[in-house]
Amino acid sequence: MSLILMKKEKQPKKVIVLSNAVYHSYLGEYFLGQTDVITFGGGYNAWGGLINPIGSNVNLFLNAYTISNFSNQPLTAEGWLSSVLPDKGKISAYFAAGNQSITPPPIPKVQIKNASFISKTPIGGTYTFVRRVEPNQTLTKHDFQGMYIIPPGSSFALFFLSPDKEQVNAQIAFGWWEEKE
Amino acid sequence: MSSKMRIQPIEVVDITSPTMNSMLGRYFIGQTGALSFGNKYTAWGGIVNPPGSGVNLYFDIFTITNFSNQNFLGEIWLNAKPSSKATISSTVTPSNQSISPPPRPKAVMLYTDYSTKPITNGTNIFGRIIAPNSTLVSDSHKGSIIIGPGSSFSILLKSQGPQIIIGTIVLTWWEEKI
């Protein structure tokens, strides 16, 4: 194939397009991680989320979340932005930097937290979206590319509503990057 | 120059990182053998970047195939330590088949099955449920997961049930000199 006889502007340069998430991983600012197994049911709710602590000096840019439903019945997950979550929650230890070639590996400022068997619901913030998750499936939502931006003192959380009687086990995973404010 | 000329956009050819690395013969696809697990046994497959390899691995896509009638869990791990009994996979190939001799990866693909030992090192960063008789294909990570020398990317297959399950893992990645 020859382009020689074409006008100069028809001989385009080749460029490599990096997604923003990949670029931030090169910089050691991209992280992946998951909650513990979250349990709810019998009138008790639960939640899991990314919490950007006050004074972190970074904004959190969400790229992906997944919800695994380990039960034989569907579950409902409500997406809450910047709400005050009932229960302080447990900090998850299951996280790592996407870039494992940097020594020592970068540590995120943002925390993954979850709480099981709680009776209350989130206060304030915005109930932004809802997802229904089929039994024994992992729902995946990728490539937000930082559409959700969470400042210090704020959160992105998935709140699980109790089904009637049965107990449900679920687990949430996140991919995100952090940029200085 | 007229104002119309000044706002003229530039035409470019958009190449993704996986495509570019395939063109350069640095993109590889590796498959494990058929892995048996379930009834308290686990199976494991992954790619290991050997210490001193001189390259970083840029992880792209994983697939997990479930040949059984029962769903199971695939746990994705960074830096898990492979079992000393792990088999080296022979089904690893460059995606670019036009280069002679074919480029060989620095990374090694390993797998084990019928295992009772838990994973000791590393971090389980996320998990996926794999539906019966299906192949789960991950989204392209486009190199956002980077494995340095001495590190690994792997998947642990588990099932609560008593039934023995057969599954297969495929991983794709490219390698760049450090």
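Two residues are in contact, or touch, if their C-beta atoms, placed from the backbone, lie within 7 Å. This is a predicted model, in which local features need pLDDT of at least 70 and side-chain atom pairs count only at pLDDT 80 or more, whereas totals for chains, interfaces and linings use all residues. Residues are numbered from 1 along each chain as its sequence is written, while chains are lettered from A and ligands numbered from 1 in the order in which they are written.

Q: Which residues does Phe160(A) touch, not counting residues up to four places away in sequence?
A: With that sequence limit applied, the list for Phe160(A) includes Asn45(A) and its neighbour in the numbering, Ala46(A). In full, the residues that Phe160(A) touches are Ile38(A), Phe40(A), Asn45(A), Ala46(A), Trp47(A), Leu75(A), Ala77(A) and Ala170(A).

Q: Which element gives the largest share of the largest nonpolar core?
A: A nonpolar core is a set of buried Ala, Val, Leu, Ile, Met, Phe, Trp, Tyr and Cys residues joined through C-beta atoms within 7 Å, where buried means that 20 or more other C-beta atoms lie within 10 Å of a residue's own, exposed that 12 or fewer do, and partly exposed in between. The largest such core has 83 residues, and those with the most contacts inside it are Leu50(A), Phe160(A), Trp176(A) and Trp173(B). The largest share of this core, seven residues, comes from strand 14 of chain A.

Q: Which element gives the most to the side of chain A that touches chain B?
A: In total, 31 residues of chain A are in contact with 29 residues of chain B. Elements here are DSSP runs numbered from the N terminus, helices being H or I with at least four residues and strands E with at least two; those that give two or more residues to this side include helix 1 (20-26), strand 5 (58-69) and strand 14 (167-180) of chain A. With five residues, the element that gives the most is strand 1 of chain A.

Q: Over how many bridges do strand 1 of chain A and strand 1 of chain B pair?
A: Two strands pair if DSSP finds at least two bridges between them. In this pairing, Lys13(A) stands opposite Val12(B) in strand 1 of chain B. The two strands run in the parallel sense, and the number of bridges is five.

Q: Over how many bridges do strand 5 of chain A and strand 14 of chain A pair?
A: Strand 5 of chain A is mostly covered, since ten of its twelve residues are buried. It also pairs in the antiparallel sense with strand 11 of chain A over five bridges, and three bridges join it to strand 12 (148-150) of chain A, again antiparallel. Towards strand 14 of chain A, the bridge partner of Phe61(A) is Trp177(A), and the antiparallel pairing extends over a number of bridges equal to eleven.

Q: Is Asn136(A) buried or exposed?
A: Asn136(A) lies in the loop between strand 10 (126-133) and strand 11 of chain A, and its phi is near 50°, a positive value in a residue other than glycine. Because 20 other C-beta atoms lie within 10 Å, Asn136(A) is classed as buried.

Q: Which residue does a cis peptide bond join to Ser100(B)?
A: In chain A, a cis peptide bond joins Thr103(A) and Pro104(A), with omega about -10°. In chain B, the residue asked for is found in the loop between strand 8 (92-94) and strand 9 (108-115). Omega is about -5° for this bond, and the residue joined to Ser100(B) is Pro101(B).
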